[in-house]
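Me: I should like to learn how to read the features of a structural model. Could we begin with a helix and then move on to the packing around it?

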Amino acid sequence: LGSRVPSVSSLRMAISDEAQISTSGGAGGFFTGSNPEDRRVQPENANGRKKFKVVYVVLESQYQSSMTIASKRINAGQDNVCIESVGYLLEELRNPETFEAFKKDVAEANMFIGSLIFVQELAEKVVEVVQPLREKLDAVLIFPSMPDVMRLNKVGSFTMAQMGQSKSVIGEFMKKKRQENGASFEGSMLKLLRTLPKVLKYLPSDKAQDARSFMMSFQYWLGGSPENLESLLLMMANTYIYEDTVTDEIAAPVLLPDLGVPHSTTSSPSPPLVPTALLRGKIWSSPPLRSDVSDFVTWMALGLSSLCPRTPLRTDLTPQPPPRPP
């Protein structure tokens, strides 16, 4: 994220080894050579638990990996609820057989999730399937996509039914702010996304709470980790799929940091990116990625002290008073 506009690639998650998705072979893929059935997750044994079904369509396979892990975590760790989930890559919907399977899955689903659906002909396919079933579905979550797809959103009383059809106060405000602030606009909107749910929870109306749920869902989605998506699915099951609470153990969204400094692990064969540039090619071993902040500051300070030997080495994080004037 940082201070610049986050790109789509910056929102993708690292894929853990246990969640690698097969994208070779199979009859499901038309352009991708992948098979949605490889990503279907079902509970091995419901054991009397409530079961809900989620169907999702995404642009690339990274979210499918996290959704697969999240679904398996729910099935393995929840006492009162279990899940069936299946994901489709957007391009897979070009395959007639896969499209028919997609229609069957959505007809049986409790919730539909879509993200980054910006190809017109494929967006039309998604709308063709989901629109007639929208009222039957307990919830529909659509994250940044074409307006026709965004209008499918349904989170309680929260919808985007008027999106793109008429001028709105919010739409005009966003357009004006984009013109005024330029590249900083997206950063401001992300800050708003982070803070608005904290404000909306104090408003009594159902509409405000449903809007807050959508914002929270978007936070979970942007976080993108299996833990975030597990919490997203459980939150929606608690609030919109079942009348009774199915679990009290729902973690808050773990958000991506605003700023970061790239560096490699100690096992990496290549030198750390930033210190190598600063030290003109001198190779420094970096701390593991999971080290705390103090370890990283110490590592950076050692490298910089070599570049500027007359600069006092300082590795603590305690604020220092300004120097006294001579």
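Reply: Certainly; please bear in mind throughout that this model is predicted. A helix can be checked by comparing its expected span with its end-to-end distance. At 1.5 Å a residue, the 18 residues of helix 7 should span 26 Å, and the end C-alpha atoms of helix 7 are 26 Å apart, which agrees.

Me: Is helix 7 largely enclosed or not?

Reply: Burial is counted residue by residue, with under 20% relative accessible area as the cut-off. In helix 7, 13 of the 18 residues are buried, so the rest of the structure largely encloses this helix.

Me: What backbone feature is found just after helix 7?

Reply: There, G224 adopts a positive phi of about 75 degrees.

Me: How many aromatic pairs are there in the whole structure?

Reply: A search of the whole structure gives nine aromatic pairs. One of them joins F143 and W221; this pair is stacked, with 5.2 Å centre to centre and 25 degrees between the planes. F143 belongs to the loop between strand 4 (139-142) and helix 4 (147-150), whereas W221 belongs to helix 7 (residues 206-223), so the pair ties together parts that are 78 residues apart in sequence. F143 counts as buried at 1% relative accessibility, and W221 counts as buried at 2%.

Me: Which residues form one aromatic cluster?

Reply: The cluster consists of Y63, F143, F158, F214, F218 and W221. A ring may also lie beneath a charge: the charged end of K125 sits over the ring of F99, 4.3 Å from its centre.

Me: Which residues touch the most other members of the largest nonpolar core?

Reply: That core has 61 residues, and F102, F112, I113 and L233 are those with the most other members in touch. Helix 8 (residues 226-241) contributes the largest share of the core, nine residues. Leaving aside neighbours within four places in sequence, the contacts of L233 include F52, V54, M67, I83 and I113.

Me: Where is the confidence lowest and highest among the elements?

Reply: Confidence is best read for the chain and then by region. The protein chain has a mean pLDDT of 74, with 55% of its residues at 70 or more. Among its elements, strand 3 (residues 111-114) has the highest mean pLDDT, 98, and helix 9 (residues 273-278) the lowest, 42. Over residues 1-32 the pLDDT is below 50, and this stretch has 67 contacts in the model beyond near neighbours in sequence. Residues 265-288 also stay under 50, with 43 contacts beyond four places in sequence.

Technical notes
Residues are numbered from 1 along each chain as its sequence is written. This is a predicted model: local features need pLDDT of at least 70, side-chain atom pairs count only at pLDDT 80 or more; totals for chains, interfaces and linings use all residues. Side-chain values use heavy atoms; hydrogens and water are left out. pLDDT is the predictor's confidence in each residue, from 0 to 100. Helices (H or I, at least four residues) and strands (E, at least two) are DSSP runs, numbered from the N terminus. Contact means heavy atoms within 4.5 Å. Rings of Phe, Tyr and Trp (its six-membered ring) pair if their centres lie within 6.5 Å; planes under 30 degrees apart count as stacked, over 60 as edge-to-face and the rest as tilted. Buried means under 20% relative accessible area, exposed over 50%, partly exposed in between (1.4 Å probe, protein chains only). A charge sits over a ring if NZ of Lys or CZ of Arg is within 6 Å of the ring centre and within 35 degrees of the ring normal. The expected span of a helix is 1.5 Å times one less than its number of residues. A nonpolar core is a set of buried Ala, Val, Leu, Ile, Met, Phe, Trp, Tyr and Cys residues joined through side-chain atoms within 4.5 Å.
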